[in-house]
Amino acid sequence: MKRTFALSTALLLGAFIANPAKAAVINGDFSAGLTGWNSLGDVAVSAGAARLSTASLDVDDFPAAAGAFNLSGNAAAPVGQPGGVEEFAGLPLGQLDPDPANGSWAFEGSALRQTLAVQAGDTLSFDWGLGSNEDPLAGMNDYAFVVIGGVLTVLDDVFTGLGSGSFSHTFATAGSVDLVFGVVDIGDYVGSSWLSIDNAQLASAPTTVPEPGSLALGLAGIGLLARRLRRQG
């Protein structure tokens, strides 16, 4: 009978003990460089953040010389071609073209990817910023994006006015999910743009914490169970 009481007590207490939320940083402050990430194109760590650019190495970035804004020594990767940014991001070829019917094509860009194991209720969050040498009146609307599990979301673009912000996404189901950050050059190979990513983290969903009254009732129930088991013993 003692074993039965101990097991019942453990089960009841287990229902009332809550685990706090845990924040798992996926090297999202980039303190270990790009460890844990796969990159394509011009990607580097600068001032504690990941920086992705559209800068070429062999095309003049007017008014500067070719490669003047390149961060890593690797040229930006092509878009719309096998082995390019879209394939790296798990997107169909052509999905990064903003408006191909009107001649608005993505030419080149860079991307950063990591595969995450998530649970339902986990929340991904990160900080971002977009800068550019493009003239917003020139019609070349470079933009930054994130892809989460194959779903593309534009973070910011040149026409919007360039800025920074925070982004969060809560997962509805558990599974293995690709997280991809990227930036693309629209309409030309010049006028470089760059995306900064920092403070990326995956926080697990907190378990339900019982109200004090519920906890008291649960403990009272344990006491009644204990007395009943002693009488039966």
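# Close-up views of a predicted chain

**View 1. D127 sits across from S166 of strand β10.** This first close-up is about strand β7 and its two partners. The model is a predicted one, with residues numbered from 1 along each chain as its sequence is written. Local features need pLDDT of at least 70, side-chain atom pairs count only at pLDDT 80 or more, totals for chains, interfaces and linings use all residues, and side-chain values use heavy atoms, with hydrogens and water left out. Strands are DSSP runs of E with at least two residues, helices are DSSP runs of H or I with at least four, and both are numbered from the N terminus. Two strands count as paired if DSSP finds at least two bridges between them. β7 covers residues 123-132, and its pairing with β10 (residues 164-170) is antiparallel, with seven bridges. Strand β12 (residues 193-203) also pairs with β7 in the antiparallel sense, this time over nine bridges. There, S125 has Q201 of β12 as its bridge partner. Eight of the ten residues of β7 are buried, where buried means under 20% relative accessible area, exposed means over 50%, and partly exposed is in between (1.4 Å probe, protein chains only).

**View 2. Strand β8 is covered on both faces.** In a regular strand, side chains alternate between the two faces of the sheet. On one side of β8 we find Y143, F145 and V147, on the other A144, V146 and I148, and all of them are buried. That fits the count for the strand (residues 143-148): six of six residues are buried. β8 runs antiparallel to strand β9 (residues 151-157), joined by six bridges, and I148 faces V151 of β9. Two residues lie between these strands in their hairpin, where G149 takes a positive phi near 60 degrees. β8 is also joined antiparallel to strand β11 (residues 175-186), again by six bridges. In that pairing, A144 is opposite V183 of β11.

**View 3. L124, F126, L179 and F181 touch the most other members of the largest nonpolar core.** A nonpolar core here is a set of buried Ala, Val, Leu, Ile, Met, Phe, Trp, Tyr and Cys residues joined through side-chain atoms within 4.5 Å. This one has 27 residues. At least two of them come from each of β4 (49-53), β6 (106-118), β7, β8, β11 and β12. A separate second core has 16 residues, L40, L91, L96 and V147 among them. Zoom in on F126 and, leaving aside neighbours within four places in sequence, its contacts (heavy atoms within 4.5 Å) include V146, L155, F167, F181 and I197. Also on the F126 contact list are G165, S166, D198, N199 and A200.

**View 4. Strand β4 pairs with β3 and with β12.** Four of the five residues of β4 are buried. Strand β3 (residues 42-46) runs antiparallel to β4, with five bridges between them, and V45 looks across at A50. With β12, β4 makes an antiparallel pairing of four bridges, where R51 stands opposite S196. The β3-β4 hairpin has two residues between its strands. A47 lies in that loop and has a positive phi near 55 degrees, though it isn't a glycine. A47 is exposed, at 82% relative accessible area.

**View 5. F30 is another residue with a positive phi that isn't a glycine.** Its phi is about 55 degrees. F30 sits in the loop between β1 (23-28) and β2 (38-40). Is F30 buried or exposed? F30 counts as buried, at 3% relative accessibility.

**View 6. G103 and G187 are 84 residues apart in sequence.** In space, their C-alpha atoms are 8.0 Å apart. G103 belongs to the loop between α2 (85-88) and β6. With a relative accessible area of 47%, G103 is partly exposed.

**View 7. The whole chain has three helices and twelve strands.** Of its 233 residues, 37% count as buried. Among contacts with a separation of 6 or more, 75% join residues 24 or more positions apart. The average pLDDT (the predictor's confidence in each residue, from 0 to 100) is 84, and 78% of the residues score at least 70. Over residues 1-25, pLDDT stays under 50.
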